[in-house]
Every structure is written in structure tokens, then in C-alpha cells.
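Me: I have a structure open and do not know how to read it. Could you take me through some of its features, one at a time?

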Amino acid sequence: CFTTAVGGWIYTSNSEVAGNAGGCGALRFSAAGEVEDAYPIVSGTSSNCAGGATPWGTWLSCEEHPSGLVWECDPLGRRQAIAHPRMGAFTHEAVAVDPIGRQLYMTEDVRDGRFYRYSPARYPDLSEGQLEVLVAGSDTGEVTWAEVPDPSGEAGATRHQVPESKRFNGGEGIWYDAGFVYFTTKGDDRVWIYDTTRAKLDILYDAAALDDPPLTGVDNIVVAPSGDVIVAEDGGDMDLVLITPDRVVARLVKVTGQDESELCGPAFDPSGKRLYFSSQRGPAPRGPGITYEVTGPFRNVRAAPSAGAPPSVAAPNGSAEDGGSNLTATALVTAAGLTGLGLIASALAVRKLRDAQSSTADEVDDG
């Protein structure tokens, strides 16, 4: 989401259609939260899957195919989108900007994908720079980076140009927050955390380590103002799932009746009071996508992420006794099978907030 000059905001949403029929659109909201307009910000591209926002107010839309590029887009739709080939031609998934280190991190959605870092020569101009891949001997610990000799991929796939680089099984969503880069790999259902200051890699969540994992099909990701990591499922139980800084895992929202779809694009409005996400294909048979808005109140507790602690699983619903919050979910396009669960404060099992605003968990069906 991007703030507008008149107090509103814009939510950008990719179109993952192949054959130069993809692109990215935008929904513009007034200061009161009403939809004012919808329009494309890039078109004629292919398989635009995920991307990332920049601190200077543009949206980076990533093409997910072997020669895919990163396109820098104007959320207002006034300036033509620009491709950045120096950021690499590969099966891009998403990108996150580190404004302190002035570098960009990218995921690659193939089984033997890599984790990339791009250092612009004249930040924030992305037209020239150095592309690197992460090198690590294990899943956790300090890492190094190696330059990709040919970002264009003409000399061979970028992921194969540095043989010692670390493989990541199906890179998906990525987000930068307070010195940490969070990203997901769907092939092994992991959520990773990279410490940009210490150059250290760690695993925040690993479904294989749990007997009955509450989060599978990990995909797009966003970090809430509270520091909670929100992961959208592609498959799984069609949930939005929270991981707290204390590594407690709990369901936030479940979408029903759309098993052939996937959840994507979670993002908070500038106030942090509204959470947007989309169901990519809607109900069966595969139909148009649906964008949802979820209103809080949301947790506002902020804590640093814990390192190395094992994940724990919270109950799927909140209650009055442990401080269930009240969520309301609204479909912006079509109402269909959404259940909002009041657990922001309660089922996270982080603390008991007995003065929470609601007395019961609230379920919202059919939008």
C-alpha cells in the first residue's frame, strides 16, 4: 500500500497471466477508505507474480518465468513502468528493499532457486548495479555473497553461474523489516530470516519440524506494524497465518470454498488498521480473483524476533477469557466464503489482554 497526497492510499496487485497478458493493477482509496478508482500500472508483461514496495514510493513487479525481469511501476499510473535487466533475468518471485544498507533482496521460484542481493550503483536508481547470490554451508549461520557474472542469463541461468551458492526450494514472498529480511520457500514449507547487520541466516519456521504443522504452502509474506509475520498459504488450509516475534504460530483468517485458489498480496494500509489480501482465482471453477479488506483492531506490541527458538502452535480461535480481538472482513469485489477469526491478541498466546475490545471471537461468513 502507498500513501497518496490527499490522505488516501493505493493497493497494488499483480496479474500472474502468461503470454504478455499479465501486468499489475492498483486500487485507489480515499482518506475515508472508500474505493475511488482501479487502473493498470504496467501491462504487456508475463506472469507477474509478486514484487515489493520501495521507500521512494514505487512498486517493483516481478515476472515469474526463466527470462523474467523486475519492472518498476508508478502506483499512481502516471509514469510508464521501467524494466531493470541488471537486477537479473530469471524466474523472479518477490523483492524487498533494505533502505539502511541500500540493497535489494530477491527470491527465485524454482526448485533449485537462489537468494539474490542487488546493490545499485547510484541508489535509488536501479538501472545499474551488482547482482549477487548467497553462499552458505548450512541452513543457519553466517553467510557470504558472490557476484553473478552474467545477470542477463545469456551465459547460463543465473542460479547456475556460482556453483557454491546455496539452493532454496521454491523461493516465494519476501519482506524487509527493522534490519531483517523475511522470506519463504514453498518447496519445503519454511520461513527464513536473514539478519542484514550480522549477515546471518536462520530458519523462523519449518513445517517439517512439527507433527501437525499449522502452516503449509507458504507463499506471500508481510510484517505487521506489531512485528508479527503474516504468511499467505498457496494451498494448505487457505489461511493467513501469523508468526509472532516469539515464534508462536496461529491462524489469522481462513478462506473457505476456494480450494483451487491461493491467498496472496497481504499488505497493511498506512495506518496499520486495515489488512488487504487477495484470493487469486476465487471460487471453483477458476474465476476472477477477489481482494479482501480486514479491519482490526490489530496487535500493536512490538518486539525483536527471537533467534533459534522452536515454534509453538496456538489455538485456532480466541475467547473472551484470553482477550479475543474482533476482526471484520469485507470483500471489495465479490463476497465469498471468508471467515475472519478473532485471535490477534488471544490465540497468539503471547499475553492475556483482558481489556480487549470484543468479548467473543467474531466469525464473518460470505464477506
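Reply: What follows goes from the whole chain to an aromatic group, a buried residue and a few strands. Keep in mind that this is a predicted model.

Me: Start with the overall make-up. How many helices and strands does the chain have?

Reply: There are 28 strands and zero helices.

Me: What share of the residues is buried?

Reply: A residue is called buried when its relative accessible area is under 20%. Of the 367 residues here, 57% fall in that class. The chain's accessible surface is about 14800 Å², and carbon and sulfur atoms make up 48% of it.

Me: What share of the contacts joins residues at least 24 apart?

Reply: Take the contacts between residues at least 6 apart in sequence; 52% of them join residues at least 24 apart.

Me: Now the aromatic rings. How many aromatic pairs are there?

Reply: Two rings pair if their centres lie within 6.5 Å, and planes over 60 degrees apart make the pair edge-to-face. The count for this structure is 18 aromatic pairs. One of them is F115 with F168, an edge-to-face pair with 6.1 Å from centre to centre and 65° between the planes. This pair links distant parts of the chain, as its members are 53 residues apart: F115 belongs to strand β11 (residues 115-122), while F168 lies in the loop between β14 (144-147) and β15 (171-177).

Me: Why does F115 count as buried?

Reply: F115 counts as buried because its relative accessibility is 1%. F168 is buried too, because its value is 3%.

Me: Why is the pair of W145 and Y194 edge-to-face?

Reply: The planes of W145 and Y194 stand at 80°, with the ring centres 5.8 Å apart, so the pair is edge-to-face. W145 is in strand β14 and Y194 in strand β17 (residues 190-195), so to speak two distant parts of the chain, 49 residues apart. Both W145 and Y194 are buried.

Me: Which residues form one aromatic cluster?

Reply: The cluster consists of Y105, F115, W145, F168, F183, W192 and Y194. A charged group also meets one of these rings: the charged end of K166 sits over the ring of F168, 5.3 Å from its centre.

Me: Next, a single charged residue. Is D177 buried or exposed?

Reply: D177 is buried, because its relative accessible area is 15%, and the cut-off is under 20%. D177 is found in strand β15. Leaving aside residues up to four places away in sequence, D177 touches Y182, V223 and R302.

Me: Last, the strands at the start of the chain. How does β1 pair with β2?

Reply: In general, side chains in a regular strand alternate between the two faces of the sheet. Here, strand β1 (residues 2-3) pairs with β2 in the antiparallel sense, over two bridges. F2 stands opposite I10 in β2. The hairpin of β1 and β2 has five residues between the strands, and G7 takes a positive phi near 90° there.

Me: Which strand do seven bridges join to β2?

Reply: That is strand β3 (residues 22-29), which runs antiparallel to β2. S13 has G25 in β3 as its bridge partner. β2 and β3 also form a hairpin, with six residues between them, and G19 in the turn has a positive phi of about 65°.

Me: How many residues of β2 are buried?

Reply: Strand β2 (residues 9-15) is mostly covered, with five of its seven residues buried.

Technical notes. Residues are numbered from 1 along each chain as its sequence is written. This is a predicted model: local features need pLDDT of at least 70, side-chain atom pairs count only at pLDDT 80 or more; totals for chains, interfaces and linings use all residues. Side-chain values use heavy atoms; hydrogens and water are left out. Helices (H or I, at least four residues) and strands (E, at least two) are DSSP runs, numbered from the N terminus. Buried means under 20% relative accessible area, exposed over 50%, partly exposed in between (1.4 Å probe, protein chains only). Contact means heavy atoms within 4.5 Å. Accessible areas come from the Shrake-Rupley method with a 1.4 Å probe; for residues, only the protein chains shown count as cover. Rings of Phe, Tyr and Trp (its six-membered ring) pair if their centres lie within 6.5 Å; planes under 30 degrees apart count as stacked, over 60 as edge-to-face and the rest as tilted. A charge sits over a ring if NZ of Lys or CZ of Arg is within 6 Å of the ring centre and within 35 degrees of the ring normal. Two strands pair if DSSP finds at least two bridges between them.
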